[in-house]
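User: Hey, I've got a protein model open and want to get a feel for how it holds together. Can we go through it bit by bit?

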Amino acid sequence: MHTIRLRGPWVVEGLARYVPRNGGGYEQHPGSGLPPGRARMPADWRETLGRDFLGVVRYTRNFNRPTNLDPHERVWLVVEPPRSRGLVRVNGRELGFVRYGTPAERFDITAMLEDHNAVVIDVEHPELDDEGSAIEDGSFLVTGGLVGDVYMEIEG
C-alpha cells in the first residue's frame with residue numbers, strides 16, 4: 001500500500017457563523033465575516049477564523065490523479081474525523097459524512113478520478129439539531145476544524 005498525504009495547501013472558507021439567540025440555541029448567519037485563508041492539515045480553524053468561531057467551514061484541496069496506476073489498483077480517500085461532523089465530496093460528488101468520535105472513513109474514489117481533482121470537506125462545529133441547539137459531542141468549547149489527516153491510499 002502506498003499513502004499520499006493531502007496536507008496542504010488547503011483553502012479554508014467560513015460558510016456560516018452560529019450566533020447565540022435569545023432564549024437559547026443558535027441561529028445560522030451566512031458567511032463568516034472573514035476572508036478565505038490557507039492552511040496545512042491537520043489543524044483547527046483558530047488561526048484562520050478565530051478562537052471563538054462556531055459554524056460551517058469549507059476546506060478545499062486540489063490534487064492530481066496518482067500516476068502509473070495499474071488497472072487492478074484502488075484509490076481510497078481516507079478522512080480522519082473533524083470536530084462535530086464533515087460532509088466529504090470529490091469532484092462535486094458527495095461521498096458521505098465523517099463524525100467526531102468515530103474511526104476514519106475510507107471512500108473508494110478510483111472510478112471518479114480525473115487528471116485534476118478537488119476534495120471538499122464542509123465541517124460543521126458544533127453540529128446543530130433542527131431547533132438550533134448544539135448536539136453535545138464533548139468538545140463544544142474546543143475549536144473546530146479538520147483536526148485529523150486526509151490522505152489517499154493506493155491498494156493493489
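User: Quick one to start: is Arg-106 buried, partly exposed or exposed?
Analyst: Partly exposed, with a relative accessible area of 37%. Keep in mind that this is a predicted model.

User: And which residue does Arg-106 form a salt bridge with?
Analyst: That's Glu-155, and the closest N and O atoms are 3.1 Å apart. Glu-155 sits in strand S11 and Arg-106 in strand S9, so the two are in distant parts of the chain, 49 residues apart. Glu-155 is partly exposed too, at 27%.

User: Which ring does Arg-106 lie over?
Analyst: Arg-106 lies over the face of Trp-76, 4.4 Å from the ring centre. Arg-5 is placed over a ring as well: the face of Tyr-151, at 4.9 Å from the centre. Arg-5 also stands opposite Tyr-151 in S11.

User: OK, sheets now. What's the strand order in the open one?
Analyst: It goes S1-S11-S6-S9, four strands with antiparallel pairing. S1 (2–5) and S9 (105–108) are the edge strands; each has a single partner, so one of its sides has no neighbour in the sheet. Neighbouring strands are turned by 25° against each other on average, ignoring direction.

User: How many bridges are there between S1 and S11?
Analyst: Four, in the antiparallel sense.

User: Back to salt bridges. How many are there by this rule?
Analyst: Eight. One of them joins Glu-124 and Arg-85, with the closest N and O atoms 2.8 Å apart. Glu-124 is in strand S10 and Arg-85 in strand S7, so this pair ties together parts 39 residues apart in sequence.

User: Is Glu-124 buried or exposed?
Analyst: Glu-124 counts as buried, because its relative accessibility is 11%. Arg-85, at 21%, counts as partly exposed.

User: What does Arg-89 pair up with?
Analyst: Arg-89 meets Asp-122 in a salt bridge, at 3.1 Å from N to O. Arg-89 belongs to S7 and Asp-122 to S10, so they link parts 33 residues apart in sequence. Arg-89 is buried at 19%, and Asp-122 is buried at 11%.

User: Which residues are linked in a salt-bridge network?
Analyst: Arg-5, Arg-7 and Asp-149.

User: Last topic: how many aromatic pairs in the whole structure?
Analyst: A search finds one. Trp-45 and Phe-53 sit edge-to-face, 5.2 Å centre to centre with 85° between the planes. Both of those residues are buried.

Conventions: Residues numbered from 1 in each chain as written. Predicted model: local features only at pLDDT ≥ 70, side-chain atom pairs only at ≥ 80, totals over all residues. Heavy atoms only, no water. Phe/Tyr/Trp six-rings, centres within 6.5 Å; stacked < 30°, edge-to-face > 60°. Buried < 20%, exposed > 50% of the residue type's maximum accessible area, 1.4 Å probe, protein only. Lys NZ or Arg CZ within 6 Å of the ring centre and 35° of its normal. Pairing = 2+ DSSP bridges. Axes fitted to C-alpha atoms, helices over the stretch in contact; angles between N-to-C directions. Salt bridge = Lys/Arg side-chain N within 4 Å of Asp/Glu carboxyl O.
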